[in-house]
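Me: Please walk me through this model. I want short answers with the reasoning shown.

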Amino acid sequence: MKLILASTSPYRAQQLNRMGLKFETCDPKVDEDLFKQAGFTPETLAEVLALEKAKAVAQQNPQAVVIGGDQLVSFGNRILGKPGTEELAIEQLQSMQGQSHLLITAIAVLGPDFLETHINQTTLKMRELSKSAIERYVRFDQPLNCAGAYKLESQGITLFEEIQSIDHSAITGIPLIALTSLLIKAGISIP
């Protein structure tokens, strides 16, 4: 059965490669801003976006199993996404220093006669950091396309004093433990 990742994220593709899966990638072309204005809770927003991405790709590939995913940071009463610029990355990191936030990762697996979603929540407590330390980090890692403005798989790990998660692979973009179970249910052979 054909497997498609409804994402152009190199991080998610690396995760599926790690699992030894044969898959294609496809840009779902979902207007995320439209959904962000709907007033969803962070968990619901991540789940809705993951599902909409999977549906967008499945419409063109009805016999495939499609994986959609979304990730966002919930901090206080704000949802933080990908900063896009160094200035916004520095601003996001400065606002979160010394405090905890949630990294919410959602996936949707959609196939012929199959649909399930999963949400993973990771709690991260950031260290107290100087502005110059944050600036050095952003210059080095360039986390401009990462929710929360950090890459834990790189030097971003140095920003945190505590991380609590059921599945640490979710931090990179896909909770692989849950994904494995969902793909098996959808008829994909693993390993």
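Reply: Ala, Val, Leu, Ile, Met, Phe, Trp, Tyr, Cys and Pro count as nonpolar, Asp, Glu, Lys and Arg as charged, and the others, Gly among them, as polar. This is a predicted model, in which local features need pLDDT of at least 70 and side-chain atom pairs pLDDT 80 or more, while totals for chains, interfaces and linings use all residues. Numbering runs from 1 along each chain, and side-chain values use heavy atoms, without hydrogens or water.

Me: How many residues lining the largest pocket are charged?
Reply: A pocket is an open set of 1 Å grid points where a 1.4 Å probe fits, with protein on both sides within 12 Å along at least five of seven lines; lining residues have an atom within 4 Å of a point. Here 30 residues line the pocket, with Ser 9, Arg 12, Gln 71, Lys 82 and Asn 145 nearest its centre. The lining splits into 12 nonpolar and 8 polar residues, and the charged ones number 10.

Me: Where do the buried residues of H5 lie around the axis?
Reply: Ala 133, Ile 134, Tyr 137, Val 138 and Asp 141 are buried (under 20% relative accessible area; exposed is over 50%) in H5. The face turned away from them carries exposed Arg 139 and Phe 140. The buried set covers an arc (directions from the helix axis to the C-beta atoms) of only 130 degrees, so these residues sit on the same side of H5.

Me: Which element do the buried residues of H5 pack against?
Reply: Helices are DSSP runs of H or I, at least four residues, numbered from the N terminus. Packing rests on contact, with heavy atoms within 4.5 Å. The partner of the buried residues of H5 is H4.

Technical notes:
Buried means under 20% relative accessible area, exposed over 50%, partly exposed in between (1.4 Å probe, protein chains only). Helices (H or I, at least four residues) and strands (E, at least two) are DSSP runs, numbered from the N terminus.
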